[in-house]
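Colleague: Please choose one part of this model for a close look, and then place that part in its surroundings. A first-year student will read the reply, so please explain each term as it arises.

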Amino acid sequence: MIAISEIFGPTIQGEGALIGMPTVFVRTGGCDFRCSWCDTLYAVEPRFRADWQSMSAAAIMAEVNRLSGGTPILVTLSGGNPALQPLDPLLQLGHQQGHSFAMETQGSRAQTWFGQLDHLTLSPKPPSSGMPFRRERFDACLAAAGVATQVSLKLVIADETDYQWAKALADGYPQLPLYLQPCNTAPATPEQPERETDLAALNSQLRWLVERVTTDRWYRPRILPQLHVLIWNNERGV
Ligand code: SF4
């Protein structure tokens with residue numbers, strides 16, 4: 001069984017390599033990290049476990065098909081950390097039904113079924129998160145994805161320390177498509193669900209990041225905003 005925090009859509013992917021793609025989100029419950037600026041604490045902390053549902057692969061795909069109208073769609077597996085869940089039966093069933101799968105994880109836990117994903121976004125967390133980067137675990141995730149899965153690297157940047165960390169990390173993985181995005185350091189929380197994102201602050205952070213990259217003559221990364229935040233701010237379930 002799979003711990004599910006929420007299933008919603010169809011909407012669009014707001015981040016990374018698949019930005020703008022229509023998708024249904026399947027958000028799993030539970031995470032091995034506690035990032036200082038996590039914007040999905042309701043899918044992370046055990047105190048919200050009562051809100052999560054234990055679902056079979058068949059029940060999840062039934063809900064995906066209900067939402068997609070039965071038309072095959074990109075299913076985005078998010079969390080929490082979806083790599084903590086036994087997702088191989090879901091991938092097998094969903095593929096049989098014509099769907100494709102993308103997943104985002106911080107790269108702290110490798111699973112053999114990574115190779116069944118169509119897309120894998122590895123998003124290790126920068127120093128501002130307060131979480132460590134363990135290269136051997138990240139490398140295990142890359143190895144598990146193999147050659148059939150499209151893998152990309154997405155790094156969130158809050159400040160100069162994060163930027164320098166991201167640059168050094170990305171240099172170690174020149175084969176991976178690279179996406180940078182500014183960090184929303186004051187997201188809505190379960191205690192403050194109505195807190196609106198300061199879009200002006202995010203925009204100036206985005207401009208800083210573009211200027212930082214171009215000043216460095218670092219032409220490899222693509223710099224992206226969080227599209228869903230621009231459209232819906234902090235609204236949940238879109
Ligand atoms: S890894 Fe993601 S879901 Fe887990 S605490 Fe960090 S930001 Fe939240």
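Modeller: The part chosen is a contact between two helices, in which Glu160, Tyr163 and Gln164 of helix 4 meet Trp208, Leu209, Arg212 and Val213 of helix 5. Contact means heavy atoms within 4.5 Å, while helices (H or I, at least four residues) and strands (E, at least two) are DSSP runs numbered from the N terminus. The model is predicted, so local features need pLDDT of at least 70 and side-chain atom pairs 80 or more, whereas totals for chains, interfaces and linings use all residues. Residues are numbered from 1 along each chain as its sequence is written, and side-chain values use heavy atoms, without hydrogens and water.

The residues of this contact divide into four nonpolar, one polar and two charged. Here Ala, Val, Leu, Ile, Met, Phe, Trp, Tyr, Cys and Pro count as nonpolar, Asp, Glu, Lys and Arg as charged, and the others, Gly among them, as polar. Helix 4 spans residues 160-171 and helix 5 spans residues 199-215; their axes come within 12 Å and cross at roughly 45°. Axes are lines fitted to C-alpha atoms (for helices over the stretch in contact), with angles from 0 to 180 degrees between N-to-C directions. Helix 4 and helix 5 are therefore oblique to each other; angles under 35 degrees count as roughly parallel, over 145 as roughly antiparallel, 65 to 115 as roughly perpendicular and the rest as oblique. Their crossing is right-handed, which is the case when the near helix is turned clockwise from the far one by less than a right angle.

Beyond helix 5, the chain enters a loop that leads to strand 9, and Arg217 lies in that loop. Phi of Arg217 is near 55°, a positive value in a residue other than glycine.

Helix 1 and helix 2 provide a second example of helix packing. The axes of helix 1 (residues 57-68) and helix 2 (residues 88-96) come within 9 Å and cross at roughly 45°. Helix 1 is for that reason oblique to helix 2, and the crossing is right-handed. From helix 1, Ala57, Ala58, Ile60 and Met61 take part, meeting Pro89, Leu90, Leu93 and Gly94 from helix 2. Sorted by class, this contact of helix 1 with helix 2 has seven nonpolar residues, one polar residue and no charged residues.

The strands form an open sheet of nine, in the order 3-1-2-4-5-6-7-8-9 with mixed pairing. Strand 3 (53-55) and strand 9 (222-223) stand at the edges with a single partner strand each, so one side of each has no neighbour in the sheet. Two strands pair if DSSP finds at least two bridges between them. Strand 1 (residues 2-12) and strand 2 (residues 22-28) run antiparallel and are joined by six bridges; across this pair, Glu6 stands opposite Arg27. Helix 1 lies across strand 1, strand 2, strand 3, strand 4 and strand 5, and runs at about 15° to strand 1. Helix 3 (residues 135-145) also packs on the sheet, where it touches strand 6 and strand 7, and its direction makes about 170° with that of strand 6.

Within strand 6 lies His119. Apart from neighbours within four places in sequence, His119 is in contact with Leu18, Leu74, Phe101, Ala102, Met103, Thr149 and Gln150. His119 and Leu74 are 45 residues apart along the chain, yet their C-alpha atoms are separated by 9.9 Å. Another histidine, His228, is found in helix 6 (residues 227-232). His228 touches Gly14, Glu15 and Asn233, when residues up to four places away in sequence are not counted.

Two cis peptide bonds also deserve attention. One joins Gly9 and Pro10, with omega about -5°, and Pro10 lies in strand 1. Another joins Gly79 and Gly80, with omega about 10°; Gly80 lies in the loop between strand 4 and helix 2.

Gly80 also belongs to the residues around the ligand, together with Cys31, Phe33, Arg34, Cys35, Cys38, Thr40, Val44, Gln106 and Lys125. A residue is near a molecule or strand if one of its heavy atoms lies within 4 Å of it. The shell around the ligand has five nonpolar, three polar and two charged residues.
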